[in-house]
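Here are a few exercises to work through with the structure open. Try each task before you read its solution.

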Number of protein chains: 2
Amino acid sequence: MSKPLHDPRQNGILAALPEPDYQRLLPNLELIEMPLGWTISESGDHVKYLLFPTSGIVSLIYDLEDGSSSEIAIVGNEGMIGISIYMGGESMPSSTEIQCPGYAYRLSRKILKQEFALGGHLQRIALLYTQALISQTSQTAVCNQHHVLEQQLCRWLLMSADRLHDNNVVITQALIGKLLGVRRESVNDTARKLQSDELISYVRGRITILDRPGLEKRVCECYAAVTAEYERLLPPPHAGK
Amino acid sequence: MSKPLHDPRQNGILAALPEPDYQRLLPNLELIEMPLGWTISESGDHVKYLLFPTSGIVSLIYDLEDGSSSEIAIVGNEGMIGISIYMGGESMPSSTEIQCPGYAYRLSRKILKQEFALGGHLQRIALLYTQALISQTSQTAVCNQHHVLEQQLCRWLLMSADRLHDNNVVITQALIGKLLGVRRESVNDTARKLQSDELISYVRGRITILDRPGLEKRVCECYAAVTAEYERLLPPPHAGK
DNA sequence: CCTGCTATGTGACCTACCCAACATATCAAT
DNA sequence: ATTGATATGTTGGGTAGGTCACATAGCAGG
């Protein structure tokens, strides 16, 4: 009941740090807002901050020359944005955009590299998170190719709702099309099917999940695979105790 | 002229290590053969060794429940197999198979973790390589979805030939289909088109690149994008000097 | 209330790739 | 030389999703 509105521990990575490591970082964490539509970084941009989201959804997007694109990973408060800082490349070929607004704590490049070089818990957890991200990206790659749009849309909705901790996802069908790499019309066809089956409802840019078990029946294996790998690599604090 | 037949430095990662770091690892490197068709590890297998290939091609493959699959990355003597050891997850959801036979030096899990914990050059290069691998995987994801098979086949051939340092790639069309996530027949159609345009020739499981510039004209942007990112992150020793 | 903007709905046609079924060609072993 | 196994060649029909073109429906501002 005394929980503050904003708390760095609302981010899963920070929450997983033992107290001493966390206290070392705390003075350097700076709260920022992530407004809807903000492009945190474009392809190839030199990244200055590592972001620990506490709410909202961030998408990693690959854009092609012909204007088409695909989301290759989705990040919520379980993860981090800006891994190329500690991985050493300093930039990535993907761009990073806010899909649903929220907040994040940011850590400067310099402090992060210092902390990472200590070889402590942040390093260990950051690398585990990176591996989870690789799994998500890989699974998305296979899913894009082999599963039909309905399965992919169910996956996207479930993953987004999980990360928002909310059954309402504010997004237009056109944007979903961009993320899943298909046309808006195709998204519309599929979404209408799900709506007429009363699994979801949507009005002007707001999708509500009405029947989660129903969606889980229609989703492809990719959703469970990614979820399981995240839980294996980054077990939530209450698990297994 | 006195170059030995097998030399760990034929692997790009080992070649990039400064002498002291390399000498520290050398006594622990063990030469192994990678025969055609060998499955180094299945999805979820606990990985015991990090492999530094000096020749041949290794594919990281994602298998789906319905039997379909896709290659998510291709590794030659520029890289390593078994990154989950130092990333901390110990296993990955992808399987690892030899596509073209060759050799590799292997390093035990224990020695690797010791060396990695030192925070020296191996750590730095291993993380850079991991980032390059993420880029390759992401680019493959988008390519799978948006580019037609001919472009993808050209990309696969060029990337394989680069890693083999040879214009002859020994592989059946059926296997290429598995890697690109399409049917053998589709590969055949496309390969015949390339053959009748005299860009490649093939006979019973052996593809020869006849006209590399011609292939480079037909390939999608993904080939150049991945190549450029590898060179940025892991510059070959002669570059920029 | 009208105008305009954004989001969703719907049609006709097209194409890349899938599926199934089978034909042929190469090579190795008896 | 025959047999069998593997690799490639070819067909006819099906479908998901793309392309293009336009219709409607909420919502905001003057």
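**Exercise 1.** Keep in mind that this is a predicted model. Work out how helix 6 and helix 8 of chain B are oriented to each other, and which residues make their contact.

*Solution.*
1. Start with the axes: helix 6 (residues 149–164) of chain B and helix 8 (residues 184–196) of chain B have axes 10 Å apart and pack at about 75°.
2. Angles of 65 to 115 degrees count as roughly perpendicular, so helix 6 of chain B is roughly perpendicular to helix 8 of chain B.
3. Now pick out the contact: helix 6 of chain B brings Leu149(B), Glu150(B) and Leu153(B), while helix 8 of chain B brings Ser186(B), Val187(B), Thr190(B), Ala191(B) and Lys193(B).
4. Sort these by class and you get 4 nonpolar, 2 polar and 2 charged residues.

**Exercise 2.** Do the same for helix 7 and helix 8 of chain A: at what angle do their axes cross?

*Solution.*
1. The axes of helix 7 (residues 173–180) of chain A and helix 8 (residues 184–196) of chain A cross at roughly 110° and come within 8 Å.
2. That angle makes helix 7 of chain A roughly perpendicular to helix 8 of chain A.
3. On the helix 7 side of chain A, the contact uses Gln173(A), Ala174(A), Ile176(A) and Gly177(A). Helix 8 of chain A answers with Arg184(A), Ser186(A), Val187(A), Asn188(A) and Ala191(A).
4. The class split for this contact is 4 nonpolar, 4 polar and 1 charged.

**Exercise 3.** Find which element of chain B gives the most residues to the side that touches chain A.

*Solution.*
1. Count the two sides: 35 residues of chain A are in contact with 36 residues of chain B.
2. List the elements of chain B that give two or more residues: strand 5 (69–75), helix 3 (84–87), helix 5 (121–146) and helix 10 (221–233).
3. Helix 5 of chain B gives the most, with 16 residues.
4. By class, the chain B side has 14 nonpolar, 18 polar and 4 charged residues.

**Exercise 4.** Describe the protein surface near DNA strand C: which residues come nearest?

*Solution.*
1. There are 19 residues around DNA strand C, and the nearest are Gln173(A), Val148(B), Leu149(B), Val182(B) and Ser186(B).
2. Helix 7 of chain A, helix 8 of chain A and helix 8 of chain B each supply at least two residues of this surface.
3. Helix 8 of chain A gives the most, with 5 residues.
4. The surface near DNA strand C divides into 7 nonpolar, 5 polar and 7 charged residues.
5. Link back to the packing: Gln173(A) is also part of the contact between helix 7 and helix 8 of chain A, and Leu149(B) and Ser186(B) belong to the contact between helix 6 and helix 8 of chain B.

Note on methods
Residues are numbered from 1 along each chain as its sequence is written. Chains are lettered from A and ligands numbered from 1 in the order in which they are written. This is a predicted model: local features need pLDDT of at least 70, side-chain atom pairs count only at pLDDT 80 or more; totals for chains, interfaces and linings use all residues. Axes are lines fitted to C-alpha atoms, for helices over the stretch in contact, and angles run from 0 to 180 degrees between N-to-C directions. Helices (H or I, at least four residues) and strands (E, at least two) are DSSP runs, numbered from the N terminus. Angles under 35 degrees count as roughly parallel, over 145 as roughly antiparallel, 65 to 115 as roughly perpendicular and the rest as oblique. Two residues are in contact if their C-beta atoms, placed from the backbone, lie within 7 Å. Ala, Val, Leu, Ile, Met, Phe, Trp, Tyr, Cys and Pro count as nonpolar, Asp, Glu, Lys and Arg as charged, and the others, Gly among them, as polar. A residue is near a molecule or strand if its C-beta atom, placed from the backbone, lies within 6 Å of it.
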